[in-house]
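Biologist: I've got this model open and I'd like a close look at one part, not a tour of the whole fold. Pick a buried spot, please, then walk me outwards from there.

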Amino acid sequence: VGCLFLVKVLITDPLEDNGIEVLRKAGFDVVVKTEWSPEDLLSLVSDIDGLVVRSRTKVTSEVIDAASQLKVIGRAGVGVDNIDVSYAKEKGINVVTAGDAPADSVAEIAFGLLLSVARSLSEADRSMKEEKWDKKRFIGSQFSGKVLGVVGVGNIGSRVVRIAHAMGMRILAYDVVAHEELKERFGVEYVSLEELLKEADFVTIHVPFLPQTRNLISKKEIALMKKDAIIVNTSRGGILDEEAVYEALVEGRLRGAGFDVYSEEPPKSEILKKLISLPSVVCTPHIASQTNEAQEAVAVKTAERVVKILKDEK
Ligand code: 3PG
């Protein structure tokens, strides 16, 4: 009889064990299944109360319709662009995320990419591995004294601000809301996107993927940037127009770029392949949150939020 009341949670993407533990300790029947076809998914969700995903599982309206008992979707991460959030809400299903759990790791890799592009770290490493000593080839630029433009100053952007301040940078920010604390503590100047792009030596993007942020920085915006500026995207593919970046780099209207996220993951299109192969571009395979610390924090925070919802529901 007890089984009839067992709360069932399905995990469809890789999740750290400590998150799974939190769900099991809550007394839930936890099923971890990370290999499935789209058809499998529809039947897998048919009797679950909670679903935990990362970005790989696309929680479409079809999936939601197939999950007639679903009460909560836990996104073990930040971006919810793989979930039909408005449809879930319509159906009375809660969507919870890991909040700021991976924010430090993402902010750190944004600087990693900026530094890697500005100082040609990947290229220099490659040349060393070819047993070369190309000292003269690698003239980079310093961060201290330069202008950093932070597009989106939420959990991640505000951590980027702290790092930039410690590096002695002037910080320009663009966001819909201004944080007084960041102005006071780190001298952040809130400006329009246009002004930020015109003035910044380095630009980093930290906004969610929404209809209004699609191609937020495209041809017209890149044309405003300094010729020797560097831009990195660790937010979502599609916010920074990759083709526009490629053209600007090839035409010498931009110095370099770094990408952790792509409009197509893994990238297969010709334009993305061409972009990735440029020496002025440094790329990583969507690993901003792939640290032990971030993954553990993400798993636990998401699991705790899922537990709270499912316990409150009872
Ligand atoms: C996020 O939105 O949390 C990050 O982009 C990480 O996504 P992932 O969980 O699929 O690695």
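Modeller: Before we start, a word on "contact": two residues are in contact when heavy atoms of theirs come within 4.5 Å. Also, keep in mind that this is a predicted model.

Let's take Asn 82. This residue sits in the loop that runs between β4 (72-75) and α4 (85-90). Being in a loop doesn't put Asn 82 on the outside here: its relative accessible area is 7%, and the cut-off for buried is under 20%, so Asn 82 counts as buried. What does Asn 82 touch, once its neighbours within four places in sequence are left aside? The list is Val 53, Arg 54, Ser 55, Thr 57, Lys 58, Val 59 and Arg 75. Arg 54 deserves a second look, as its backbone oxygen lies 2.6 Å from a polar atom of the Asn 82 side chain.

For a second buried asparagine, go to Asn 233, which is part of strand β10 (residues 230-233). With 1% relative accessibility, Asn 233 counts as buried. Not counting residues up to four places away in sequence, Asn 233 touches Ile 205, Leu 240, Gly 258, Phe 259, Asp 260 and Val 261. You can also use Asn 233 to get your bearings towards Ala 288: the two are 55 residues apart in sequence, and 10 Å apart in space from C-alpha to C-alpha.

Now the sheet that β10 belongs to. Seven strands make up an open sheet, with parallel pairing, and their order is β8-β7-β6-β9-β10-β11-β12. At the edges you'll find β8 (189-190) and β12 (281-283), each pairing on one side only. Further in, β6 (residues 147-151) pairs with β9 (residues 202-205) in the parallel sense over four bridges. To line those two up on your screen, look for Val 150, which stands opposite Thr 204 in β9.

The loops that follow some of these strands have backbone details to check. Most residues other than glycine have a negative phi, and most peptide bonds are trans. After β9, in the loop that leads to α10 (219-222), you meet Asn 215. Its phi is near 50°, a positive value in a residue other than glycine. Asn 215 counts as partly exposed, at 37% relative accessibility. Next, look at the loop between β11 (256-259) and α12 (270-277), where Pro 266 lies. The peptide bond from Glu 265 to Pro 266 is cis, with omega near -5°. Finally there's His 286, in the loop between β12 and α13 (292-313). His 286 has a positive phi too, near 50°, and at 24% relative accessibility it counts as partly exposed.

While you're around β12, have a look at the second largest pocket, whose volume is about 190 Å³. The elements giving two or more residues to its lining are α5 (103-118), α6 (121-129) and β12. Of these, α5 gives the most, with three residues. Altogether 13 residues line the second largest pocket, and those nearest its centre are Val 117, Ser 120, Arg 255, Pro 279 and Ser 280. Sorted by class, the lining has six nonpolar, five polar and two charged residues.

Key. Residues numbered from 1 in each chain as written. Predicted model: local features only at pLDDT ≥ 70, side-chain atom pairs only at ≥ 80, totals over all residues. Heavy atoms only, no water. Pairing = 2+ DSSP bridges. Buried < 20%, exposed > 50% of the residue type's maximum accessible area, 1.4 Å probe, protein only. Polar contact = N/O pair within 3.5 Å; in protein donor to acceptor, adjacent residues only side chain to side chain. 1 Å grid on protein atoms, 1.4 Å probe; cavity = no way out; pocket = protein on both sides within 12 Å on 5 of 7 lines; lining within 4 Å. Points joined across faces, edges and corners; volume = space filled by probe spheres on them. Nonpolar A, V, L, I, M, F, W, Y, C, P; charged D, E, K, R; others polar.
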